[in-house]
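Me: I would like to learn how to read a structure like this one, feature by feature. Could we take it slowly, with a general idea before each case?

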Amino acid sequence: MTTFLEPVKKLRTVDSAALFSSPSSLLCNLRAPCCMSGVSSTQTVSLTGNRASTLTGCMQTERKRVRMKALWTFLVLNALPTAVLSAPTRCGAGNYWRGQCKVSVEVAKPKCADITLAYCDDMPYTKTMYPNILEHRNREEVETSTEYLLLSVVHSLLNGECTPDIRMLGCSVIAPRCENQKILKPCRSTCEAVHKVCAHAFESIDMAWPYFLDCDRFFVSEEEGCYDPLEGLRERHEVVMDSVTTEEPSTIIQFTHHSNTQMFNILKKTAAQCSHISRTYSIGQSVEKRDLLVIEFSNNPGEHELLEPEVKYVGNMHGNEAMGRVLLIYLAQYLCSEYLLGNTRIQTLINTTRIHILPSMNPDGYELAFSEMQSGADADYDEGAGYVGQLGGRYNAHNIDLNRNFPDLTSIVYNRRRLKRFRSDHIPIPDIYWFGKVAPETYAVMKWIRSIPFVLSASFHGGDLVVSYPYDHSKHPQEANMFSPTPDEQVFKQLARTYANAHATMSNKDTDRCGASFADKGGVVNGAEWYSIAGGMADFNYLHTNCFEITIELGCDKFPFEEDLYIGWEENKEALLSFMESVHKGIKGIVKDENGNGIKGATVSIKGIRHDVTTAQNGDYWRLLNPGIYIVTASAPGYTRAMKRIHLPSRMQEAGRVDFVLQKAKLEPDVDDFTIPYLGSYDRFDPYNQQARYSMRQTGQEEEERQEKPWWWAYFARSSSQNPSWLLRN
């Protein structure tokens, strides 16, 4: 049965702490003790008649208490955020990681600090400041940056050139001068002076000028208050120069073997140093897409000048024959340096001759030989002879011997030599040749010698010590060692002797030396008499163009050790120069019409020598001849012939000038002209476009993905947490 005590029983479940949490609960206890237990401590079990009214008042009081509690709770919760935000934060253990503690940090102002960077400790000041001009916040950020890494290796990258200038200029940006708690920026004029002198050094290794050496961005003018970061360097240089005695300047060459990348860099650097007389250009690419890079010397580089003869040197046709390659690299450096130093012989040579040097015709083969030489694999060393014929790389990457890959025009000459009017010059390339395996290197060289009116040439090999000259292909198919002279036998022999006699040992009579088998011949030999080859480059030059080419065997050491390179240079230096100077022998001139215009393609003939030369674009020509008396004839289709008798004295130091003026005449078939139908026209080159793939370049993303990065790229990419693309030129 439900009684009036049940509501009281329900009140007993109320937590006592909650009841005393406000003044109302205390008041309830004083007025009605039953609010706590339902029964007062002074009550008896037998309740009086007033207990009902007492409990009713107690319950009303309880309702008021609950309402007061809600009001107090509302007020406290609304006041809490203000109290928390306004009161000081007290952080207990474990609250930091929750982000519940706000720690006030007082930011210190930047101050001057000592320079502790190892590669910047020789600056003309001792204090710097962080953040620096590049916003590096401290020393650790600087030392792990690509900018500082570059400064640490720039001496090696540039082979000592422009250092310490570049390094100190960079230090003025990453460790700027600090005075009176303020950064001072370096002078723009100093930066511009260094850039002018040293920009080519970065270009030579395919590296961009460092962005942090931007003279306009990180350097200021004198009016803005700058300093010269190279001031201390100049002072030290002046002291050194005062203590050095004046000596005759000379060319300094580093005698070492070079990788293909190093060779490219040296040639480009040399051309940049002598940009007024030199340039580099590529005539094509190898199988593995390496450039066949040529360096040219002339007082007007890039242009054929009227009556200025053209000479070329070709090295490293066989990739494992390295001596000719290094000699031509040294020769390029020597010509540039000596010209700048005022060597009158070199200046005269360059001012009167256009010189083309191709140090490596087979860079793919050399790459293989060079790697084997460094590793020692498959290479036998003979004391005193270096690596003897065991290195790979003789052939190109398609396993083609480049000196057997040219059109065999010599056989055509032998087959037609008894025909009265058959010529032994400017023989067209047979169409059938293009259906064979033509190497891209061969293709590039053929286009090269067809595009420039070369007069004289030499290619360099190794394995013996001798100069050989055409023909290299025996005139009898069954005779491998048969003397096979050209119509210009005497001219070729004289050219060969010019080199051999100027060489230190090639022409001497010592029978205990390399090349001793040619001692009785003065160090020269007819190529076919030595051994016969078909498809050689020397024969092709002679029979297809105006160019006379000889082959120079530089010694028994095909890939000599570096300690022998200086000796090789000294033995060949005079011969290299003398041979180029010999291009100014014989006669030269211009074939013109009545109006004074040069006639392109006119023929200049020498009576008694069955080999003609033709005029170049502007009607100029060169004809190598020994001293003597000659009858010279000039002719061209649509013109009358002109003939002159000339005398070349033995002591003549330059080519004699013999000009011709041809009169217009009715065009008639020339009875002396003889063509072979299956050979076609001389201008017919690669008629079926079989070699188009050698000149095509990949485009788009594929080319970008396959593009070979510079040799230094991997070092910086591995050492840096970021991609240092600012180092790349493109």
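Me: Which residues is Asn-260 in contact with, once its neighbours within four places in sequence are left aside?

Reply: Contact here means that heavy atoms lie within 4.5 Å. In this model, which is predicted, Asn-260 is in contact with Arg-290, Arg-325, Pro-363, Tyr-366 and Glu-367, leaving aside its neighbours within four places in sequence. Asn-260 itself is found in helix H12, which covers residues 260-273.

Me: Is Asn-260 buried or exposed?

Reply: A residue is called buried when its relative accessible area is under 20%. Asn-260 has a relative accessible area of 3%, and therefore it counts as buried.

Me: What does Val-525 touch, not counting residues up to four places away in sequence?

Reply: The idea of contact carries over to this second case. Val-525, which lies in strand E13, touches Val-466, Val-467, Ser-468, Tyr-469, Phe-518 and Trp-530, when residues up to four places away in sequence are not counted. Val-525 is also buried, because its relative accessible area is 4%. The chain also brings Val-525 and Pro-470 to a C-alpha separation of 9.2 Å, although the two are 55 residues apart along the chain.

Me: Where does strand E13 stand in its sheet, at an edge or inside?

Reply: To read a sheet, one follows the order of its strands and then looks at how they pair. Here eight strands form an open sheet in the order E5-E6-E8-E7-E11-E14-E12-E13, and the pairing is mixed. Strand E13 (524-526) is an edge strand, as is strand E5 (278-285), and each of them pairs on one side only. On average, neighbouring strands of this sheet are turned by 25° against each other, with direction ignored.

Me: How many bridges join strand E12 to strand E14, and which residue stands opposite Ser-468?

Reply: Strand E12 (residues 464-469) and strand E14 (residues 548-555) run antiparallel and are joined by five bridges. Ser-468 stands opposite Thr-551 in E14.

Me: Which strands does helix H21 lie across?

Reply: For a helix and a strand, one can ask which elements are crossed and at what angle. Helix H21 (residues 565-581) lies across strands E7 (310-314), E8 (354-358), E11 (454-461) and E14, and it runs at about 145° to E7.

Me: What is the strand order in the open sheet of four strands?

Reply: The order is E17-E16-E19-E20, with antiparallel pairing. Its edge strands are E17 (609-614) and E20 (642-648), each of which pairs on one side only. Strand E16 (residues 603-606) pairs with E17 over three bridges in the antiparallel sense, and Ile-606 stands opposite Ile-609 in E17.

Technical notes: Residues numbered from 1 in each chain as written. Predicted model: local features only at pLDDT ≥ 70, side-chain atom pairs only at ≥ 80, totals over all residues. Heavy atoms only, no water. Pairing = 2+ DSSP bridges. Helix = DSSP H or I, 4+ residues; strand = E, 2+ residues; numbered from the N terminus. Axes fitted to C-alpha atoms, helices over the stretch in contact; angles between N-to-C directions. Buried < 20%, exposed > 50% of the residue type's maximum accessible area, 1.4 Å probe, protein only.
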